[in-house]
Amino acid sequence: MAKERENFNSSLTAVMALAGSAIGLGNIWRFPYMVGQNGGAAFIIIYLVSSVLLSLPILMSESIIGHKTGQGTFGAMDTLAPGTKWKWLGLLTIVSPLIILSYYSVVGGWSISFLLQSLSKGFHSAEQVSTMFSGLISSAWTPVIFHTFFLLFCAFVVSAGITSGIEKFNKYTMPMLFVLIVLIMVYSLNLPGASKGVEYMIKPDFSKLNGHAIASAMGQSFFSLSLGVGTILTYSSYIRKDKNILTAGLGTAGFDLLFALIAGFAIMPAVFAAGIEPGAGPGLIFETLPHIFVRMGEGAPVLVRIVAVLFFVTIVFAALTSAISMYEVGVTYLVDEKKISRRKATVLIFAGTWTLGALCSLSFGPLADFKILGQTLFNFCDLLTSNFLMTFGGLLFVIFVGWKMDKTTVRDEFTNGGRAKFNCALFDTFYFLLKYIAPVAIVVIFITNFVG
Ligand code: TRP
């Protein structure tokens, strides 16, 4: 007889796993940067509203599919819409997280390398820091080796299973990440000149609040909650049947938002205190912030060394919990559908993502001339997934739940068969948002991504 499928032991640990997927580089760097560029507090308000009115319904759609069927992306679509084209959505959402995982693991590798640097020699001069990042990513083997370590760590956790691996890892890591980011925030807020950074985050500037800023806020809340690629669906399939998924969804969105806000107040005050212009893009975690550590280090070297180490520990672990969720999507598929052992599945996924990741890593150096549609392999994978596959997947999930699934089934999932009274009162609003508002909003995000 097939082994019984595992479950998360409690709602809280399920939320920690889901929040582990959601909380990542998107919260630590992308969110604070976007807030500043798009009108401060005004942007935060739009972000909050879109998290509740748009992202939560999308998150719930994925959750409903996963929790209802107790299966991963492919199995779930096959059960709910057997023999239809929907199976392509099941397949798409196995492939897209694995593509993300491949290049994400390369970035994870860079953060391990920076963590080791902060532990060993530290960041001591502007010249050293300026060349460090470009030197690292363009060399052939060093980043591939760090990518290997990062992916191996994920494989180790995933192969241990849902409860002894993923649940346990997130149960300890998530509280630690919150403690670390709060400590960094306290340090940062006490720096001389920190108030300018706080102002940058919260001063409402409604003149910057145009259509583009609103679409960016929606896109950011979508990205930050890891929507559209089946990770939320897969994790939700491991939530016990008697638990309510709205509670889990609200918890996940709440923690994700809280972390993003704390990270904003941890990073921006330091950026301004060091007199550095806040820039854009994930690479800047590895460029701007080490520069800050150099400038700060002139005053209090030991304390700054400690903060730098804590900071990179935060980045590495936040990236690990997200990467593990992508890894699990593929493993769940192989274990449930292809009936192979979890260990074997972990090895197979490792082989595929390691190879694609290594090629992505080399695309900063030896393979820089190999281009797909004018992009290096790393950029191609990033653009394909962030601008296209995530939104496309999200759109199909809401269309599936809103227009294809039976309304009673959706209501039963949302309200635990009518037992969750609070949810019953909310259901019609949720259903309306899901059916009409979310698809339109996703199309808007999609177009904005393309227009740039
Ligand atoms: N939410 C992650 C972050 O904020 C990034 C992300 C986007 C992600 N899509 C994902 C993580 C899918 C896991 C799975 O950094």
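Colleague: Which helices cover the buried residues of H15?
Modeller: Happy to start there, and do keep in mind that this is a predicted model. The cover over the buried residues of H15 comes from several helices. Among them are helix H5 (87-119), helix H6 (126-138), helix H7 (141-159), helix H8 (162-189), H14 and helix H16 (377-404).

Colleague: How far does helix H15 reach from its first C-alpha to its last?
Modeller: Helix H15 runs over residues 342-362, which makes 21 residues. At 1.5 Å a residue, 30 Å is expected, and the computed span is close to that. From first C-alpha to last, H15 reaches 30 Å.

Colleague: Now to the ligand: which residues are the closest to it?
Modeller: The ligand has 16 residues around it. Those divide into seven nonpolar, nine polar and no charged. The closest are Ala22, Gly26, Phe223, Ser224 and Ser226.

Colleague: What percentage of the ligand's exposed area does the protein bury?
Modeller: Let's begin with the polar atoms. A nitrogen atom of the ligand sits 3.1 Å from a polar backbone atom of Ser224, while an oxygen atom of the ligand is 2.8 Å from a backbone N or O atom of Gly26. Taken alone, the ligand exposes 360 Å², and the share of that buried by the protein is 99%.

Colleague: Which elements give two or more residues to the shell around the ligand?
Modeller: Good one to check in your viewer. Four helices fit that description: helix H1 (11-22), helix H2 (25-37), helix H10 (211-224) and helix H14 (301-337).

Conventions. Residues are numbered from 1 along each chain as its sequence is written. This is a predicted model: local features need pLDDT of at least 70, side-chain atom pairs count only at pLDDT 80 or more; totals for chains, interfaces and linings use all residues. Side-chain values use heavy atoms; hydrogens and water are left out. A residue is near a molecule or strand if one of its heavy atoms lies within 4 Å of it. A polar contact is a pair of N or O atoms within 3.5 Å; within protein, one must be able to donate a hydrogen and the other to accept it, and residues adjacent in sequence count only if both atoms are side-chain atoms. Accessible areas come from the Shrake-Rupley method with a 1.4 Å probe; for residues, only the protein chains shown count as cover. Ala, Val, Leu, Ile, Met, Phe, Trp, Tyr, Cys and Pro count as nonpolar, Asp, Glu, Lys and Arg as charged, and the others, Gly among them, as polar. The expected span of a helix is 1.5 Å times one less than its number of residues. Contact means heavy atoms within 4.5 Å.
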